[in-house]
Amino acid sequence: MTYEVVTWDSAEHGAIARIRMPMLSAKGKMKPDWLPVAIHAATPEEARSKAVTFYEAELERLSSKAANMEAGRAKAAATRAAKKERV
């Protein structure tokens with residue numbers, strides 16, 4: 001999965017970075033979208049570095065979320081199968 005980091009300088013806020021990355025949709029599919037996070041730093045290079053670090057942590061969180069969703073689906077399917085056997 002790829003991501004994009006966009007940085008720009010703001011006279012009022014310093015350097016700002018935004019990340020566009022694959023995000024998990026409500027249907028369980030990964031689609032690219034802008035994160036609702038603006039990362040501030042003194043320089044564009046520092047903002048980009050912070051954004052990359054944030055991206056890696058966010059990707060780990062999303063992969064864990066997807067694994068948990070899949071485990072929940074498997075558990076629900078097993079429960080449904082057990083109920084069918086009892087009836």
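A salt bridge here is a side-chain nitrogen of Lys or Arg within 4 Å of a carboxyl oxygen of Asp or Glu. By that criterion, this predicted model holds three salt bridges. The views below visit them along with other details of the fold.

**View 1. Glu-46 and Lys-50 form a salt bridge in helix H1.** The closest N and O atoms of this pair are 4.0 Å apart. Helix H1 covers residues 44-86, and the two partners sit four residues apart in it, so about one helical turn separates them. Glu-46 is partly exposed, with a relative accessible area of 35%. Lys-50 is partly exposed as well, at 39%. A reminder for reading this view: an α-helix has 3.6 residues a turn, so residues three or four places apart point the same way.

**View 2. Arg-61 meets Glu-58 in a salt bridge.** Here the closest N and O atoms are 2.6 Å apart. The partners are three residues apart in helix H1, which again puts about one helical turn between them. Is each partner buried or exposed? Arg-61 is partly exposed, its relative accessible area being 43%, whereas Glu-58 is buried at 13%. Glu-58 falls in the buried class because 13% is under the 20% cut-off.

**View 3. Further along the chain, the side chains of Arg-73 and Glu-70 join in a salt bridge.** The N to O distance is 3.5 Å. Like the pair before, these residues are three apart in helix H1, with about one helical turn between them. Arg-73 counts as partly exposed at 42% relative accessibility, and Glu-70 is also partly exposed, at 46%.

**View 4. Tyr-3 and Tyr-55 make the one aromatic pair found in a search of the whole structure.** The two rings are stacked, 3.8 Å from centre to centre, with 25° between their planes. They count as stacked because the angle of 25° is under 30 degrees. What does the pair link? It links distant parts of the chain: Tyr-3 lies in the segment before E1 and Tyr-55 in helix H1, 52 residues apart. Tyr-55 is buried, with a relative accessible area of 5%, while Tyr-3 is partly exposed at 35%.

**View 5. Helix H1 packs its buried residues against strands.** Those buried residues are Ala-47, Ala-51, Tyr-55, Glu-58 and Leu-62. Their packing partners are strand E1 (4-10), strand E2 and strand E4 (39-41). Two of the names are familiar from earlier views: Glu-58 is the salt-bridge partner of Arg-61, and Tyr-55 stacks with Tyr-3. As for the length of the helix, its 43 residues should span 63 Å at 1.5 Å a residue, and the end C-alpha atoms are 62 Å apart, which agrees.

**View 6. Strands E2 and E3 form an antiparallel pair.** Strand E2 runs over residues 14-24 and strand E3 over residues 30-34, with five bridges between them. Arg-20 stands opposite Trp-34 in E3. The hairpin has five residues between its strands, and Gly-28 takes a positive phi near 85°.

**View 7. Confidence across the chain is given by pLDDT.** The mean for the chain is 87, and 99% of its residues reach 70 or more. Which elements have the lowest and highest mean pLDDT? Strand E3, seen in the hairpin view, has the lowest at 86, and E4 has the highest at 92.

Technical notes: Residues numbered from 1 in each chain as written. Predicted model: local features only at pLDDT ≥ 70, side-chain atom pairs only at ≥ 80, totals over all residues. Heavy atoms only, no water. Helix = DSSP H or I, 4+ residues; strand = E, 2+ residues; numbered from the N terminus. Buried < 20%, exposed > 50% of the residue type's maximum accessible area, 1.4 Å probe, protein only. Pairing = 2+ DSSP bridges. Expected span 1.5 Å × (residues − 1). Contact = heavy atoms within 4.5 Å. pLDDT = per-residue confidence, 0-100. Phe/Tyr/Trp six-rings, centres within 6.5 Å; stacked < 30°, edge-to-face > 60°.
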